[in-house]
Amino acid sequence: MPDLIEKYTGLNPELVTVRWLGSENLNHRENDTGTIIGSNFPLYSFKIGNSSVKKIEVDRVHFAQGERYVVHLSDYSYKWSKSKAALLFEEPLALDTVFPCYVSDYDMQEYSIFTHAEIDPIVYNGLNFYLKKLSSTMELLEVKPSTATQTDSITVQFIVMKNGMITALSSVESDKPGHGDILSAIKKNACVWSPAIMGGRPVFCHKKMVIFYSIDNKGKIQSLDRVEYRYDHH
């Protein structure tokens, strides 16, 4: 993907927001607003091999953090990604380019929030893949280094919204060194969640998970070792 952007646009991939869509008609089909691809966004079926990309256009869009180039990729292997992408492009000025799929101040009082659903919220590509994404975001090695002398864990809870974004992230335990970095990594990788399903419809759902990690003798996190979903039984 970075090679593709540099080759066709000459722009530094880190300075652009990529919008991926299925139609060559880049702006006129309301039901095909496309999907934001960040370094942490799941690419469902993107092929670069014998490049299925049909069209590339570049815009400058004014986001909350300032102007960015937006690269529009039209690609016939695109798969619609629920309503998440539509929300991202509805109000570009409100889009947080650091945490595009985390909603920081959502008023949940009007909604029923499930603890369990027929299909619970899950991360794209499984927990091992998700753990690698978190490790990469925190610039940690995937393999536990020799400097790791002790293990610890953090239990987090949040709400997966019916559009697949997440909100209300918090740590269950008292704060420890490095916990803020883990919470930030979870927010940065919020785009990988799919919503809970009840009766064939997406719903709001509480989610809880535990991340086990290793620290050195100064308490600094050395590696993320395992992540598990937790379910409240009541």
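A polar contact is a pair of N or O atoms within 3.5 Å. With that in hand, let us take a friendly tour of this predicted model, starting at one glutamine and then moving on to the charged pairs.

## Around Gln222

Gln222 sits in strand E13, which covers residues 221-230. Its side chain reaches the backbone oxygen of Lys220 at 3.2 Å. A polar contact of 3.2 Å also joins the side chain of Gln222 to that of Asp216.

Is Gln222 buried or exposed? Its relative accessibility is 13%, so Gln222 counts as buried, because the cut-off for buried is under 20%.

Which residues surround Gln222, once its neighbours within four places in sequence are left aside? Gln222 is in contact with Leu140, Leu141, Pro145, Thr147 and Ala148, and also with Ser214, Ile215 and Asp216. Asp216 therefore appears both in this contact list and as the side-chain partner in a polar contact with Gln222, given that a polar contact pairs N or O atoms within 3.5 Å.

## The salt bridges

Side chains of opposite charge can pair when their charged atoms come close. How many salt bridges does the structure hold? There are 3, and they are set out here with their N to O distances.

| Basic residue | Acidic residue | N to O distance |
|---|---|---|
| Lys176 | Asp152 | 3.1 Å |
| Arg226 | Glu228 | 2.8 Å |
| Arg230 | Glu228 | 2.8 Å |

Take Lys176 and Asp152, whose side chains meet in a salt bridge. Lys176 lies in the loop between strand E9 (166-171) and helix H4 (179-188), while Asp152 belongs to strand E8 (residues 150-160), so the pair ties together parts that are 24 residues apart in sequence. Lys176 is partly exposed at 32% relative accessibility, and Asp152 is partly exposed too, at 23%.

Now to the arginines. Glu228 forms a salt bridge with Arg226 and another with Arg230. Through these shared partners, Arg226, Glu228 and Arg230 are joined into one network. What are the relative accessible areas of its members? Arg226 has 40% and is partly exposed. Glu228, with 25%, is partly exposed, and Arg230 is likewise partly exposed, with 34%.

## Bringing it together

In short, Gln222 is a buried residue whose side chain makes polar contacts with Asp216 and with the backbone oxygen of Lys220. The salt bridges include the pair of Lys176 and Asp152, and the network of Arg226, Glu228 and Arg230.

Definitions and conventions
Residues numbered from 1 in each chain as written. Predicted model: local features only at pLDDT ≥ 70, side-chain atom pairs only at ≥ 80, totals over all residues. Heavy atoms only, no water. Helix = DSSP H or I, 4+ residues; strand = E, 2+ residues; numbered from the N terminus. Buried < 20%, exposed > 50% of the residue type's maximum accessible area, 1.4 Å probe, protein only. Polar contact = N/O pair within 3.5 Å; in protein donor to acceptor, adjacent residues only side chain to side chain. Contact = heavy atoms within 4.5 Å. Salt bridge = Lys/Arg side-chain N within 4 Å of Asp/Glu carboxyl O.
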